[in-house]
Amino acid sequence: MAKKSHTAILAGAIERPQEHVQLDDVDLALLRELSRDSRQSQRALGRQINMSAPAVAERIARFERNGVLRKYSIDIDWDRLGYDVVVFMPITLESGGDIEPTLAAFREIPELEELTVVAGRYDLLARFRLSDQRHLRELLLDRVWQIPNVARIETMLGLGNLITDDYSERMLRGAVDSVADEDE
C-alpha cells in the first residue's frame, strides 16, 4: 500500500470553500457598514442603508445562517500591547511523515496568527506575532524546530504594513462594481 504524500494529507486538512452566496446591492451596502463598525445598532444600520431595523435584522440573520458572517470580533492593535514583531516562516515538511502531530504542534503555539497551505517551493506559510528578538529565538529553538516533520524553515521579518485596514471595504466595493456590471 502506497503512503500518501504530505501534500495529499495537507490537502485533506484545508478548509474547503462553501457554495457562493448571491448578494444584491443592499446586502453589499449592509456588509460594508458592518465591516466599518460591527457595533452599530440595527436601527443605525437601517438609517445608513435606508431600511427598517427589522429588515436589517432579517438580512443579518440570513448572513449568519449562510456563513457570510462567521463571527463578530474586535481588532486588537498587537503593536500597542508589545507584540510588534511580525515573522513569516515558509516551511518545508519532510515527505511521508504523519502530518497530524505537526499540525497539532503548530496549533499549540499561541503566537501563531495564521498557517496556510501554499503551492510552490514550500508546504506551509506561518505568520507569528512576537515581542522581540529573544522571543523569536525561543520560538525557533524551543518550539518550531522541535515540531515533527519540519524539514526546513526560513524566517522573514515584517517591517511594517502598508495596506490592511480597509480590506473588507475595498473587496465589497469591488463586489458592488461586479454586481452592477452583471445587471447591465
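The secondary structure of the protein chain, taken from a predicted model, amounts to seven helices and five strands. Followed along the sequence, these elements come in the order α-α-α-α-β-α-β-β-α-β-β-α. The protein chain has 184 residues, of which 28% are buried, and it exposes about 13,100 Å², with carbon and sulfur atoms supplying 49% of that area. Among contacts between residues at least 6 apart in sequence, 68% join residues at least 24 apart.

One pair of residues illustrates such separation along the chain. Ile14 lies in the loop between α1 (6-13) and α2, and its C-alpha atom is 7.4 Å from that of Val117, although 103 residues along the chain separate the two. Ile14 is partly exposed, at a relative accessibility of 35%.

**Helix α2**

Helix α2 covers residues 25-36, and its 12 residues should span 16 Å at 1.5 Å a residue; the C-alpha atoms at its ends are 17 Å apart, which agrees with that expectation. At the N-terminal end of α2, Asp24 acts as a cap, with a side-chain oxygen 3.1 Å from the backbone nitrogen of Val26. The buried residues of the helix are Asp27, Leu28, Ala29, Leu30, Leu31, Glu33 and Leu34, a list that includes the acidic residues Asp27 and Glu33.

**Strands around β3**

Strand β3, made of residues 124-130, is mostly covered, since six of its seven residues are buried. Strand β1 (residues 85-93) runs antiparallel to β3 and is joined to it by seven bridges, and within this pairing Pro90 stands opposite Leu125 of β3. Strand β2 (residues 112-117) is likewise antiparallel to β3, with five bridges between them, and here Glu114 has Arg127 of β3 as its bridge partner. The hairpin of β2 and β3 has six residues between its strands, and one residue of this hairpin, Gly120, takes a positive phi near 115 degrees.

**Positive phi outside glycine**

Most residues other than glycine have a negative phi. Against that background, Asn50 has a positive phi near 60 degrees without being a glycine, and Asn149 also has a positive value, of about 75 degrees, although it is not a glycine. The table sets out where each of the two asparagines is found and how accessible it is.

| Residue | Phi | Location | Relative accessibility |
|---|---|---|---|
| Asn50 | near 60 degrees | loop between α3 (42-49) and α4 (53-66) | 72%, exposed |
| Asn149 | about 75 degrees | loop between α6 and β4 (150-153) | 14%, buried |

Asn149 counts as buried because its 14% relative accessibility is under the 20% cut-off, whereas Asn50, at 72%, is over the 50% that marks an exposed residue.

**Thr102 and its surroundings**

Asn149 also appears among the contacts of Thr102, which, leaving aside neighbours within four places in sequence, touches Leu93, Ile147, Pro148 and Asn149. Thr102 is found in helix α5, residues 99-107, and is buried with a relative accessible area of 0%. A polar atom of the Thr102 side chain lies 2.7 Å from the backbone oxygen of Pro148. Of the residues in contact with Thr102, Leu93 belongs to strand β1, which covers residues 85-93, while Asn149 sits in the loop between α6 and β4.

**The aromatic pair and His135**

How many aromatic pairs does a search of the whole structure find? The search finds one. It consists of Trp78 and Tyr83, whose ring centres are 6.2 Å apart and whose planes stand at 80 degrees, so the pair is edge-to-face; the assignment follows because an angle over 60 degrees counts as edge-to-face and centres within 6.5 Å count as a pair. Both residues are partly exposed, with a relative accessible area of 35% for Trp78 and a relative accessibility of 32% for Tyr83.

Tyr83 is also one of the residues touched by His135, whose contacts, not counting residues up to four places away in sequence, are Tyr83, Glu111, Leu130 and Arg143. His135 has its place in helix α6, residues 133-143, and, in contrast to the partly exposed Tyr83, it is buried, at a relative accessible area of 10%. Among the contacts of His135, Leu130 lies in strand β3, residues 124-130, and Arg143 lies in helix α6 together with His135.

How values were computed:
Residues numbered from 1 in each chain as written. Predicted model: local features only at pLDDT ≥ 70, side-chain atom pairs only at ≥ 80, totals over all residues. Heavy atoms only, no water. Phe/Tyr/Trp six-rings, centres within 6.5 Å; stacked < 30°, edge-to-face > 60°. Buried < 20%, exposed > 50% of the residue type's maximum accessible area, 1.4 Å probe, protein only. Helix = DSSP H or I, 4+ residues; strand = E, 2+ residues; numbered from the N terminus. Contact = heavy atoms within 4.5 Å. Expected span 1.5 Å × (residues − 1). Polar contact = N/O pair within 3.5 Å; in protein donor to acceptor, adjacent residues only side chain to side chain. Areas by Shrake-Rupley, 256 points an atom, 1.4 Å probe, with all protein chains shown as cover. Pairing = 2+ DSSP bridges.
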